[in-house]
Amino acid sequence: MEAQAGNSRSRSASAARRASSGDIPARIKHLILFSDAADAEERVRVDRETRAALASWTGPGSTADGTPVKILANVADGDSARLAADAPVDGVGLFRTELCFLNRKEEPSVEEQAEIYGQVLAAFGDSRYVVVRTLDAGSDKPVAFATLQGEENPALGVRGLRLSFGNPALLDRQLDAIAAAANQTGTETWVMAPMVATVAEATQFAEQVHSRGLKAGVMVEVPSAALLAHRMLEVVDFLSIGTNDLTQYTMAADRMAADLAHLTDPWQPAVLQLIAITAEAGKRAGKPVGVCGEAAADPLLACALVGMGITSLSMAAAAVRPVGARLATVGMDACEEAAEAALAASDPMAARAAVLRVLDAVQEDDVVRRTPPPRPTPSPWTAFAGPHAKDVAVGANGVLWILATDGNIYRWDGTQFQQVPGGAKRIAVDPNGRAWVVNDGGEIYRWDGSTWQLMPGRALDIGIGAN
Ligand code: PEP
Ligand code: MG
């Protein structure tokens with residue numbers, strides 16, 4: 001296969017040369033062999049077409065029949081915002097402000113905070129918009145100057161907006177800083193609160209944000225917020241569903257617990273029902289309802305979410321093209337059919353299969369109507385044209401994941417993921433398409449859609465079994 005732009009153009013070029021000369025790359029240890037040459041060729045052709053579609057997708061987000069869907073990026077600071085600004089996105093759907101302060105012992109002044117937020121806003125000053133999330137300190141994101149110490153159960157404790165109950169000035173100062181950054185940059189700025197559980201919380205937050213001249217929203221991460229979405233929307237301008245926490249709290253399963261990965265799956269029927277309730281409330285109110293959790297980065301699920309009425313999808317920059325390109329192939333009718341199929345399924349695997357059946361049928365239909373593309377000249381070898389491969393794994397839908405000698409993880413569709421801390425040694429992909437990695441020190445990391453999450457325990461090797 002032709003060169004994938006990894007982080008080294010020269011290595012890519014030499015690998016591409018090897019590919020065209022028919023050499024087998026000397027250091028590849030694992031290969032996937034297809035005994036049927038025609039099948040292998042067909043897979044290569046489909047893979048080429050998919051990657052070409054990804055590369056040529058330049059936004060803006062919409063379904064095949066023109067329903068607009070905002071495709072947005074999740075960012076953590078000025079650097080990640082500037083990178084994301086080069087991607088075909090309509091803006092930022094989740095700026096996780098707490099990530100700017102993980103190493104800070106003292107709360108930064110309003111002026112310093114405004115400067116930090118301003119870096120993110122300035123990257124999107126060109127008529128795009130940024131959704132800033134107020135501090136989600138606590139639980140899995142401890143911030144020294146905000147998080148309460150010694151809580152017995154921090155995931156159910158004083159995290160996110162709840163910190164402002166005992167320390168209202170902390171939120172006031174952050175809102176002042178966000179408003180100052182919005183004024184200085186002129187960027188359209190929306191502000192939302194994490195971990196909102198009641199309409200009273202949403203009402204008070206919205207008043208504080210509106211009084212500073214900004215759009216106000218809340219995250220739907222707690223099941224109570226989903227069930228009361230219609231009432232929340234009477235007081236806020238928009239909702240954003242954090243499927244990572246919504247799944248954790250709906251399924252009563254710690255999102256960090258590796259043993260519970262089958263429960264912390266946004267395809268769980270109960271989670272899908274809550275998303276559908278929230279999206280329906282948005283449609284009725286005529287207000288935007290987005291998804292900014294990991295679910296938005298799954299191209300298959302994204303189509304079903306849009307079918308439910310979700311108006312924006314926010315994700316790690318690496319997922320933007322796969323999601324945008326997939327959505328562009330599916331009409332709104334098919335998205336709605338996919339949503340119905342997912343909601344009718346009895347478990348995550350059945351939901352995924354049902355959506356795939358709906359979308360594949362659409363594509364087969366499309367293929368019948370298209371003139372068949374010319375078949376490429378068969379070639380005996382295809383080479384991943386990044387750095388050398390150290391390990392490979394096959395993920396959902398047959399997508400190949402490659403752990404390269406440069407420490408980066410690549411997906412065969414061209415997506416590159418950031419380095420795993422401590423140098424990755426082995427990789428495996430679970431049935432939800434999430435990569436799991438063991439590093440040289442035996443630590444286990446899981447890709448959560450935007451960062452590598454350190455999981456409990458240590459391992460020498462990793463493998464994912466059936467179920
Ligand atoms: C979520 O919970 O889905 C979310 C986007 O917030 P975070 O992952 O930062 O908790
Ligand atoms: Mg969350």
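This passage describes the surroundings of ligand 1 and two buried residues in a predicted model.

Ligand 1 occupies the second largest cavity. Its shell comprises 15 residues. Arg 96, Lys 141, Gly 242, Asn 244 and Arg 255 come nearest to the ligand. By residue class, the shell holds 8 charged, 4 polar and 3 nonpolar members. Two secondary-structure elements, strand β2 (91-96) and helix α10 (243-251), each provide at least two shell residues. Helix α10 gives the most, with 3 residues.

Several oxygen contacts to ligand 1 were computed. A polar side-chain atom of Arg 133 is placed 2.9 Å from a ligand oxygen atom. For Glu 221, a polar side-chain atom lies 3.0 Å from an oxygen atom of the ligand. Gly 242 takes part through its backbone: an N or O atom there lies 3.4 Å from an oxygen atom of ligand 1. On its own, ligand 1 has 290 Å² of accessible area, and the protein covers 99% of it. Gly 242 thus appears both among the residues that come nearest and in a backbone approach to a ligand oxygen atom.

Arg 159 was examined next. This residue is located in the loop that runs between β3 (129-133) and α5 (163-166). Arg 159 counts as buried because its relative accessibility is 0%, below the 20% cut-off. Its side chain makes two polar contacts with other side chains. One, at 3.1 Å, is with Asp 245. The other, at 2.8 Å, is with Tyr 249. Both partners, Asp 245 and Tyr 249, carry numbers within the range of α10 (243-251). Helix α10 also supplies residues to the shell around ligand 1. The loop residue Arg 159 is therefore buried at 0% relative accessibility, with side-chain contacts to Asp 245 and Tyr 249.

A further buried position is Tyr 117. This residue belongs to helix α4, which spans residues 110-122. Its relative accessible area is 1%. That value is under 20%, so Tyr 117 is classed as buried. Along the chain, Tyr 117 and Ala 181 are 64 residues apart. In space, their C-alpha atoms are separated by 6.1 Å.

Note on methods: Residues are numbered from 1 along each chain as its sequence is written. Chains are lettered from A and ligands numbered from 1 in the order in which they are written. This is a predicted model: local features need pLDDT of at least 70, side-chain atom pairs count only at pLDDT 80 or more; totals for chains, interfaces and linings use all residues. Side-chain values use heavy atoms; hydrogens and water are left out. A residue is near a molecule or strand if one of its heavy atoms lies within 4 Å of it. A polar contact is a pair of N or O atoms within 3.5 Å; within protein, one must be able to donate a hydrogen and the other to accept it, and residues adjacent in sequence count only if both atoms are side-chain atoms. Accessible areas come from the Shrake-Rupley method with a 1.4 Å probe; for residues, only the protein chains shown count as cover. On a 1 Å grid over the protein atoms alone, a cavity is a set of points where a 1.4 Å probe fits but cannot get out, and a pocket is an open set with protein on both sides within 12 Å along at least five of seven lines; lining residues have an atom within 4 Å of a point. A molecule sits in a cavity or pocket if more than half of its atoms lie within 2 Å of its grid points. Helices (H or I, at least four residues) and strands (E, at least two) are DSSP runs, numbered from the N terminus. Ala, Val, Leu, Ile, Met, Phe, Trp, Tyr, Cys and Pro count as nonpolar, Asp, Glu, Lys and Arg as charged, and the others, Gly among them, as polar. Buried means under 20% relative accessible area, exposed over 50%, partly exposed in between (1.4 Å probe, protein chains only).
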